[in-house]
Amino acid sequence: LAERLLALARADGAQALADEWVDLAQVIQLTVDEFSRNPRLRGRSIVAQAAPVGVRGDLDAIGLALRNLVENALVHGAGGSFIRVTCAGTREAVSLAVIDDGPGVAPAELPSLTKRFARGAGAAQSGAGLGLSIVDTLARRMGAKLVLSSPPEGRRHGFEARLLWQTSSR
């Protein structure tokens with residue numbers, strides 16, 4: 001909890017975030033490599049599907065946001081078989097997403113999940129309910145948007161958290 005509260009304080013901080021080119025594929029690969037050794041995977045796979053794409057942002061903030069999204073998938077996507085971390089870019093937007101095939105949450109709960117200390121009705125007992133709030137705060141500070149879907153498009157269950165940067169705001 002203390003670690004999450006410190007991360008939230010950093011996300012809320014007044015200090016300006018860096019505005020540099022960040023290679024999302026590199027951040028994804030480093031994060032996936034780190035989590036691939038996590039014993040909480042419990043037989044699930046974690047994979048990166050990252051196209052070479054960059055955004056203007058803060059490397060530390062993007063790394064913290066991605067770690068929170070993967071941690072969320074580890075804890076709340078239990079029972080699934082995979083966690084997939086992707087990034088892609090089009091002329092309109094760049095996205096970074098973490099998708100799991102766990103139980104997901106009811107679509108009606110999605111808007112409340114970015115509130116501090118909020119957790120879905122079927123949420124795991126661990127966690128403080130701060131992860132998505134931290135990600136949402138960091139996203140807004142970087143000019144991005146956090147979009148949550150449950151289930152992800154084309155699936156019957158699971159959860160997707162996607163950071164979107166509009167090309168015009170890069």
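Biologist: Let's start with β6: how many bridges join β6 and β7, and in which sense do they pair?

Modeller: Happy to help, and bear in mind that this is a predicted model. β6 covers residues 144-149 and β7 covers residues 159-166. Within this pair, Leu-146 stands opposite Leu-163 of β7, and Ser-149 stands opposite Glu-160. The pairing is antiparallel, and the number of bridges is 6.

Biologist: Which side chains of β6 point to the buried face?

Modeller: The side chains alternate along β6, so let me take the two faces in turn, using under 20% relative accessible area as the cut-off for buried. Lys-145, Val-147 and Ser-149 point to one face and are not buried. The other face is buried, and its residues are Ala-144, Leu-146 and Leu-148.

Biologist: Nice. Which strands are at the edges of the sheet?

Modeller: The sheet is open, has 5 strands and mixed pairing, and follows the order β2-β4-β5-β7-β6. Its neighbouring strands are turned by 10° against each other on average, with direction ignored. An edge strand here pairs on one side only, and that applies to β2 (45-50) and β6.

Biologist: Which strands does α4 touch when it packs on the sheet?

Modeller: α4 spans residues 131-141. Its direction makes about 145° with that of β6. The strands it touches are β6 and β7.

Biologist: And which helix lies across β2, β4, β5 and β7?

Modeller: Look for a helix running at about 170° to β2. It is made of residues 24-35, and its name is α2.

Biologist: Why is α4 described as largely enclosed by the rest of the structure?

Modeller: Count the buried residues, again taking under 20% relative accessible area as the cut-off. They include Leu-132, Ile-134, Val-135 and Leu-138, along with Asp-136. α4 is largely enclosed because the buried residues number 9 of 11.

Biologist: Are α3 and α4 roughly parallel or roughly antiparallel to each other?

Modeller: α3 (residues 59-76) packs against α4 with the axes 9 Å apart, at an angle of about 150°. An angle over 145 degrees counts as roughly antiparallel. The two helices are therefore roughly antiparallel.

Biologist: How do the residues of that contact divide into nonpolar, polar and charged?

Modeller: From α3 come Ala-61, Leu-64, Ala-65, Asn-68, Leu-69 and Asn-72. α4 brings Gly-131, Leu-132, Ile-134, Val-135 and Leu-138. With Gly counted as polar, the division is 8 nonpolar, 3 polar and no charged.

Notes
Residues numbered from 1 in each chain as written. Predicted model: local features only at pLDDT ≥ 70, side-chain atom pairs only at ≥ 80, totals over all residues. Heavy atoms only, no water. Axes fitted to C-alpha atoms, helices over the stretch in contact; angles between N-to-C directions. Helix = DSSP H or I, 4+ residues; strand = E, 2+ residues; numbered from the N terminus. Parallel < 35°, antiparallel > 145°, perpendicular 65-115°, else oblique. Contact = heavy atoms within 4.5 Å. Buried < 20%, exposed > 50% of the residue type's maximum accessible area, 1.4 Å probe, protein only. Pairing = 2+ DSSP bridges.
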